[in-house]
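Trainee: I am new to this structure and would like to go through it with you step by step. Could we begin once it is in front of us?

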Amino acid sequence: MHELGITQEVVALATEHARGRKVTRVVLEIGTLSGVLPDAVRFCFDLCAEGTAAAGAVLEIVETPGRGRCRACAAEVPLERPFGRCACGASDLEWLAGDELRVKEVELA
Ligand SMILES: [Zn+2]
């Protein structure tokens, strides 16, 4: 499960940012197209945070919807999966949003 590695990185980033203070809340942005499962990250978070400055911190996940642009007709296409099809029939899409994975906010005590 690669979410475990990702969650470990998120916890490492948050505790580094905290510089010895206690982390109370972490806001994580996960794009629909990133392939990362928010539920899996949630599941791993408490485990990864245990014994660190982020122990007991609240994990908030903001899911960014996927959006692409058709390379054939330049229309914007909402994407729920990494692959989509434009109304014009083309499937050559450029991703505009939805593949992000980043720590948006770290709240300290
Ligand atoms: Zn199109």
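Trainee: Is cysteine 86 buried or exposed?
Mentor: Bear in mind that this is a predicted model. A residue counts as buried when its relative accessible area is under 20%. Cysteine 86 has a relative accessibility of 7%, so it falls below that cut-off and counts as buried.

Trainee: Which residues coordinate the zinc ion?
Mentor: The donor residues of the zinc ion follow the spacing C-x2-C-x12-C-x1-C in sequence, and each of them offers its SG atom at 2.3 to 2.4 Å. The residues that coordinate the zinc ion are Cys70, Cys73, Cys86 and Cys88.

Trainee: What is the geometry of the site of the zinc ion?
Mentor: Ideal angles for four tetrahedral donors at a metal are 109.5 degrees. Four donors count as tetrahedral if all angles lie between 85 and 135 degrees. The angles among the four donor atoms of the zinc ion are 105 to 115°, so the site is tetrahedral.

Trainee: How many residues apart are cysteine 73 and cysteine 86, which link distant parts of the chain?
Mentor: Both are donor residues of the zinc ion. Cysteine 73 sits in the loop between strand 3 (66–70) and strand 4 (76–79), whereas cysteine 86 belongs to the loop between strand 4 and strand 5 (93–97), and the pair is separated by 13 residues.

Trainee: Which residues does histidine 2 contact, leaving aside its neighbours within four places in sequence?
Mentor: UniProt, in an unreviewed entry, lists His2 under "binding site". Histidine 2 lies in helix 1 (residues 2–18) and is partly exposed, with a relative accessible area of 48%. Once those sequence neighbours are left aside, histidine 2 is in contact with Gly35 and Val36.

Trainee: Why can the buried residues of helix 2 be said to lie on the same side?
Mentor: The buried residues of helix 2 (residues 38–49) are Pro38, Ala40, Val41, Cys44, Phe45, Cys48 and Ala49. An α-helix has 3.6 residues a turn, so residues three or four places apart point the same way. The buried residues are on the same side of helix 2 because they cover an arc of only 145° around the axis.

Trainee: Which exposed residues does the face of helix 2 turned away from its buried side carry?
Mentor: What covers the buried residues of helix 2 includes helix 1, strand 1 (23–31) and strand 2 (58–64). The face turned away from that buried side carries the exposed residues Asp39, Phe43, Asp46 and Leu47.

Notes. Residues are numbered from 1 along each chain as its sequence is written. This is a predicted model: local features need pLDDT of at least 70, side-chain atom pairs count only at pLDDT 80 or more; totals for chains, interfaces and linings use all residues. Side-chain values use heavy atoms; hydrogens and water are left out. Donors are N, O and S atoms within 2.8 Å of the metal (3.2 Å for Na, K and Ca); water is not among the atoms, so sites may look incomplete. Four donors count as tetrahedral if all angles lie between 85 and 135 degrees; four count as square planar and six as octahedral if opposite donors are over 155 degrees apart and all others between 65 and 115; anything else is irregular. Helices (H or I, at least four residues) and strands (E, at least two) are DSSP runs, numbered from the N terminus. Buried means under 20% relative accessible area, exposed over 50%, partly exposed in between (1.4 Å probe, protein chains only). UniProt positions are given in the numbering used here, feature names are shortened, and annotations may be inferred rather than shown by experiment. Contact means heavy atoms within 4.5 Å. The expected span of a helix is 1.5 Å times one less than its number of residues. The arc is that of the directions from the helix axis to the C-beta atoms.
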